[in-house]
Amino acid sequence: MRIVYMGTPEFAVAPLKTLIESGFNVVAVVTGEDKPQGRGRKVLPTPVKEFALQNNIPVLQPSKLKDEAFLEELRSYNADLQIIVAFRMLPEVVWSMPKLGTFNLHTAILPQYRGAAPINWAIINGEEKTGVTTFFLDKDIDTGKIILKQEVDILPEDNAGSLYDKLMIEGSKLVKKTVEIIESGIVETIEQNMLIDQNTVLKPAPKIFKEDCRIDFSKKGKDIKNLVRGLSPYPCAFTTINIKGKDMSLKVFQVEFEEDNSVKTAGEIITDNKKILKISCADGYIQLLDIQLEGKKRMKTEDFLRGVTL
């Protein structure tokens with residue numbers, strides 16, 4: 001079975017590596033264009049391209065997925081199956097090309113958390129479970145027929161980074177299992193509409209913008225803590241703090257919540273200027289543990305307070 005694999009970031013490397021190590025015939029990789037990265041703005045390949053080249057797999061990097069030259073080259077690989085992991089939205093002319101279809105790995109249990117940021121939103125919303133789903137692409141976003149799914153626990157200590165790592169491992173296993181099922185010729189799928197009834201509330205997972213990351217201290221502590229967890233280490237929750245008369249952005253990577261229903265004013269800063277820095281919220285205090293002031297390095301709050309007096 002001839003497979004074309006499409007993906008760009010580090011997350012997409014692990015399933016590709018699993019397929020190669022399992023002996024599947026990946027005939028080409030489609031990935032994003034090389035881009036300037038880091039402070040030096042050096043042009044670097046995508047993680048998927050780097051892995052593909054190390055394993056002598058041909059790489060395609062189209063700027064436009066409807067470009068006829070790209071489509072012609074893609075057709076030349078005569079793929080039986082296409083696999084999508086952390087790639088952009090495909091036009092129908094691409095996803096409908098292989099005779100066995102195109103399937104995607106989604107980092108949530110569909111039909112919940114359709115969209116670009118399911119890992120983040122699951123934690124932000126306080127979920128205790130999420131997972132990975134493989135499904136065949138159709139004309140709409142994340143709505144195709146489900147092939148397989150695997151639940152994953154979200155632990156209280158998890159943040160977006162640790163959950164990303166867990167889902168990458170489970171996703172790699174699920175991609176391999178999905179390919180095996182498709183190769184066997186016995187694929188049982190389920191329409192997502194069959195999993196939605198009149199009592200189902202679908203929770204979306206849209207792209208996260210900067211204002212989604214701003215901490216609102218008028219909210220309850222549990223919700224603030226979940227926001228911080230769900231955005232750590234990237235794109236990261238933030239607030240503003242006044243340093244010597246200047247409001248500066250402060251990224252917040254880790255917090256603890258101290259419940260206190262006697263709090264009357266949200267947003268007040270309490271500090272001993274040594275070890276403790278906390279901010280009042282609707283029902284207590286958010287203690288900042290791991291932070292980064294704009295223009296500075298990420299550090300523990302105790303180290304931050306050694307250099308700053310509030």
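This short talk walks through two helix packings and two pockets in one structure.

Hi everyone, and thanks for coming. One thing before we start: what we have on the screen is a predicted model.

Let's begin with helix H1, which covers residues 13-21. I'd like to look at H1 from two sides, starting with its packing against helix H6, residues 160-184. How far apart are the axes of H1 and H6? They are 8 Å apart, and the two helices pack at an angle of about 45°. An angle like that is neither under 35 degrees nor in the range of 65 to 115, and H1 and H6 are therefore oblique to each other. Their crossing is right-handed.

Which residues make that contact? From H1 we have Ala-14, Pro-15, Thr-18 and Leu-19, and from H6 come Met-168, Ser-172, Val-175, Lys-176 and Val-179. Sorted by class, this contact of H1 with H6 holds six nonpolar residues, two polar ones and one charged.

Now for the other partner of H1. Helix H2 spans residues 47-54, and its axis comes within 9 Å of the axis of H1. Here the crossing angle is roughly 20°, which means that H1 is roughly parallel to H2. This crossing, too, is right-handed. On the H1 side, the contact uses Val-13, Leu-16, Lys-17 and Ile-20; on the H2 side, look for Pro-47, Val-48 and Phe-51. Six of these residues are nonpolar and one is charged, with no polar residue in the contact of H1 with H2.

Let's move on to the pockets. The largest pocket holds about 1600 Å³ of space. It has 50 lining residues, and if you want to find its centre on the screen, the closest ones are Ala-86, Gly-115, Ala-116, Ala-117 and Pro-118. Which elements supply at least two residues each to this lining? Among the strands there are S6 (81-85), S7 (102-106), S11 (246-259) and S14 (284-293). The helices are H4 (92-95), H5 (118-124) and our friend H6 from a moment ago. By class, the lining divides into 30 nonpolar, nine polar and 11 charged residues.

Last stop: the second largest pocket, with about 210 Å³ of space. Its lining is made of Gly-126, Glu-127, Glu-128, Ile-154, Leu-155, Pro-156, Lys-222, Lys-225, Asn-226 and Arg-229. How do those residues divide by class? Five are charged, three are nonpolar and two are polar.

That's the tour. Thanks for listening!

Definitions and conventions
Residues numbered from 1 in each chain as written. Predicted model: local features only at pLDDT ≥ 70, side-chain atom pairs only at ≥ 80, totals over all residues. Heavy atoms only, no water. Axes fitted to C-alpha atoms, helices over the stretch in contact; angles between N-to-C directions. Helix = DSSP H or I, 4+ residues; strand = E, 2+ residues; numbered from the N terminus. Parallel < 35°, antiparallel > 145°, perpendicular 65-115°, else oblique. Left-handed = near helix turned anticlockwise from the far one by under 90°. Contact = heavy atoms within 4.5 Å. Nonpolar A, V, L, I, M, F, W, Y, C, P; charged D, E, K, R; others polar. 1 Å grid on protein atoms, 1.4 Å probe; cavity = no way out; pocket = protein on both sides within 12 Å on 5 of 7 lines; lining within 4 Å. Points joined across faces, edges and corners; volume = space filled by probe spheres on them.
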